[in-house]
Amino acid sequence: MTNPASTPDASIKCRVVMRFYEELNDLLRREQKKQDIVCEFFGKRTVKDAIESFGVPHTEVDLILANGRSVGFDYILKDGDRISVYPAFERFFIGGVAMLREKPLRDPRFVVDVHLGKLARNLKLLGFDTDYQNLRDDRELARIAAEEKRVLLTRDRRLLMRRAVDRGMILHSNVPFDQTLEVLNRLYLWDGLRPFSRCLACGGRLVDVPAEGSALDEALRSVPPLVRSWCKEYRMCSQCRKVYWKGSHYDKLGSLIENLLKARSNPLT
Ligand SMILES: [Zn+2]
């Protein structure tokens with residue numbers, strides 16, 4: 001994350017007061033939480049670098065105020081500045097102040113870190129556009145997030161500090177169910193659940209297979225005879241052509257959604 005604009009220059013020293021709000025405090029050390037932090041920086045420093053020096057990735061930040069005025073990540077700190085840092089997807093409304101991104105995501109797309117396969121599967125089950133493979137390095141994850149404008153979901157702060165990554169989210173829990181709750185709560189996605197609309201293999205959209213014709217013939221070729229004997233409704237992935245029917249996935253999906261909705265009244269984040 002070395003940035004030429006922030007190369008230290010010992011001749012310039014500036015003293016600023018920084019304060020982090022809401023859940024950004026979860027990322028700070030105990031003595032830094034919920035209070036003014038007086039700090040000194042040497043050389044020209046961007047506010048992005050200053051924020052990340054506290055271990056807070058810029059992707060977690062949606063609004064920065066310098067002396068009460070909204071600024072971007074490239075703002076150069078000045079002596080005496082008071083910097084207020086607000087989290088991404090903030091819950092409260094901040095009227096009349098420019099956010100760093102145009103608007104919250106309405107139809108989010110995700111790319112999921114290699115260690116979070118079960119979270120990826122849950123998000124696909126719930127119908128979200130989710131890209132996951134278990135063999136990707138950090139650079140590739142960052143590239144996909146930037147090029148395809150996907151939200152990068154990870155437990156690795158350093159990954160979110162990559163400059164290319166504009167949208168990302170740290171998962172605090174290491175339990176897939178709780179991680180799923182975190183995503184739904186923080187991105188306000190409860191109204192966007194579209195269960196059983198995505199392929200669990202590739203994430204492609206599922207479409208109904210017509211009750212007769214060549215599409216049904218194609219689908220039936222990959223359906224076991226026992227299933228064919230009782231099942232008359234199928235869905236097929238529009239990308240990889242995998243075929244789905246009302247089997248065990250439905251039960252799993254049903255209990256996942258039921259449990260998530262129960263836990264919604266007691267959100268973790
Ligand atoms: Zn598929």
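Start by selecting Leu 65 and Ser 70: Ser 70, in β4, is the bridge partner of Leu 65. You are looking at a predicted model, where local features need pLDDT of at least 70, side-chain atom pairs count only at pLDDT 80 or more, and totals for chains, interfaces and linings use all residues. Residue numbers run from 1 along each chain as its sequence is written.

Now widen the selection to β3 and to β4 (residues 69-70), which pair in the antiparallel sense over two bridges. Strands here are DSSP runs (E, at least two residues), and helices are DSSP runs too (H or I, at least four), numbered from the N terminus; two strands pair if DSSP finds at least two bridges between them. The β3 and β4 hairpin has two residues between its strands, and Asn 67 takes a positive phi near 55° there.

Next, add β5 (residues 82-87), the antiparallel partner of β3 (residues 61-66) over five bridges. Click on Ile 64 to find its bridge partner in β5, Val 85.

Then jump to Val 175, in the loop between β9 (168-170) and α5 (176-186). Val 175 counts as partly exposed because 13 other C-beta atoms lie within 10 Å; 20 or more would make a residue buried and 12 or fewer exposed, with C-beta atoms placed from the backbone. Draw a C-alpha to C-alpha distance to Lys 118: 9.0 Å in space, for 57 residues apart in sequence.

Finally, colour by pLDDT, the predictor's confidence in each residue from 0 to 100. The chain averages 83, and 86% of the residues score at least 70. Over residues 90-99, however, pLDDT is below 50. Where pLDDT is low, the predicted coordinates should not be read in detail.

Methods
Two residues are in contact if their C-beta atoms, placed from the backbone, lie within 7 Å.
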